[in-house]
Amino acid sequence: MSRIHPTAIVDAAARLAPDVEIGPWCRVGPEVTLHTGVQLVSSVVIDGVTEIGTGTVVHPFSVLGGPPQHGGYKGEPTRLVVGENNLIREGSTFNRGTVQGGGVTTIGSNCMFMTGAHVGHDAVVGNQVTFANNATLGGHVVIGDNVFLGGLCAVHQFGRVGRGAMVGGLAAVTRDVIPFGSVWGNHARLHGLNMVGLKRRGFDRDRIKRMLAFYRDLFEGGGTFAERLDRAETETGDLAEAAEIITFIRDGGSRPLCLPET
């Protein structure tokens, strides 16, 4: 049977797994689903059509599933879906989606959200993503798997951060970040590959060396960027990560891209 503190306010219509723990002063709305092993430590608000995945722990003063901060929102029944085994620390806020943006904000699994993290409406966050303190996403942002977002950084609405990238603290990210890239600054610029992340995920020396050569050819070689991109596409070989970066850039179309300083 769920353990619910007597000071918590839990709507009778909320769907709770038998082992959910809800601490003091929490509030859980009628359209909320809490799966097995979810723990709301204390003073947590879960609102709207919101689903929290197995094993997720939410710390005090977090608000998940609040209405989107969007001038066009008219109270439509949009959603927030949070995956499994996430750690959500104090004061984090995840807004549900908008009709204009597809209607759902999606969080992956095995992520860590440090104090004050914010996920805007209609954002998509991958798996094993880390938000340092007060990292912020605007609406419609897409974050790939294994991304690290530094403290107090902000990703502009509709921005994309590719898989395995690192965003430095205080960075203002107004352009797309390539997979495995490392960016920082205001406005953020590309400063090479995320070497720490690559090594932590077991990339061997030879593969990293090949990725660095690809990076230099693409961003520091001769000719225009479009010419270098075309050339890289024909010379990628079996380096899957290089192909992923090229596909990421192509998929962005005319969207602005974080580039190194010239």
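Which side chain meets that of Arg 3 in a salt bridge? The views below take up this pair and several other parts of a predicted model, in which local features need pLDDT of at least 70 and side-chain atom pairs count only at pLDDT 80 or more, while totals for chains, interfaces and linings use all residues. Residues are numbered from 1 along each chain as its sequence is written, and side-chain values use heavy atoms, with hydrogens and water left out.

**View 1. The salt bridge of Arg 3 and Glu 21.** The side chain of Arg 3 meets that of Glu 21, with N to O at 2.4 Å; a salt bridge here is a side-chain nitrogen of Lys or Arg within 4 Å of a carboxyl oxygen of Asp or Glu. The pair links distant parts of the chain, since Arg 3 belongs to strand β1 (residues 3-4) and Glu 21 to strand β4 (residues 21-22), 18 residues apart. Helices (H or I, at least four residues) and strands (E, at least two) are DSSP runs, numbered from the N terminus. Arg 3 is exposed, with a relative accessible area of 55%, whereas Glu 21 is partly exposed at 28%; buried means under 20% relative accessible area, exposed over 50%, and partly exposed in between, for a 1.4 Å probe and protein chains only.

**View 2. The salt bridge of Arg 160 and Asp 176.** The closest N and O atoms of Arg 160 and Asp 176 are 2.9 Å apart, and the pair joins strand β24 to the loop between β26 (172-173) and β27 (181-185), 16 residues apart. Arg 160 is buried, with a relative accessible area of 16%, and Asp 176 is buried as well, with a value of 1%.

**View 3. The salt bridge of Glu 241 and Arg 207.** In this pair the closest N and O atoms are 3.0 Å apart. Glu 241 lies in helix α4 (residues 240-251) and Arg 207 in helix α2 (residues 205-220), so the pair ties together parts that are 34 residues apart in sequence. Glu 241 is buried, with a relative accessible area of 9%, while Arg 207 is partly exposed, with 25%.

**View 4. The open sheet and its edges.** In this sheet 8 strands follow the order β3-β6-β9-β12-β15-β18-β21-β24, and their pairing is parallel; two strands pair if DSSP finds at least two bridges between them. Strands β3 (15-16) and β24 (160-161) stand at the edges, each with a single partner strand, so one side of each is left without a neighbour in the sheet. Strand β3 is joined to β6 (residues 32-34) by 2 bridges, and Arg 15 stands opposite Thr 33 in β6.

**View 5. Strands β8, β11 and β14.** Strand β8 (residues 45-46) pairs in the parallel sense with β11 (residues 63-66) over 2 bridges, and Val 45 stands opposite Val 63. Strand β11 also pairs with β14 in the parallel sense, over 3 bridges, where Leu 64 stands opposite Phe 94.

**View 6. The surroundings of Arg 96.** Arg 96 lies in the loop between β14 (93-95) and β15 (104-107). This residue is buried yet has no salt bridge, and the nearest side chain of opposite charge, Asp 47, is 4.7 Å away; Lys and Arg count as positive and Asp and Glu as negative, while His and the chain ends are not counted.
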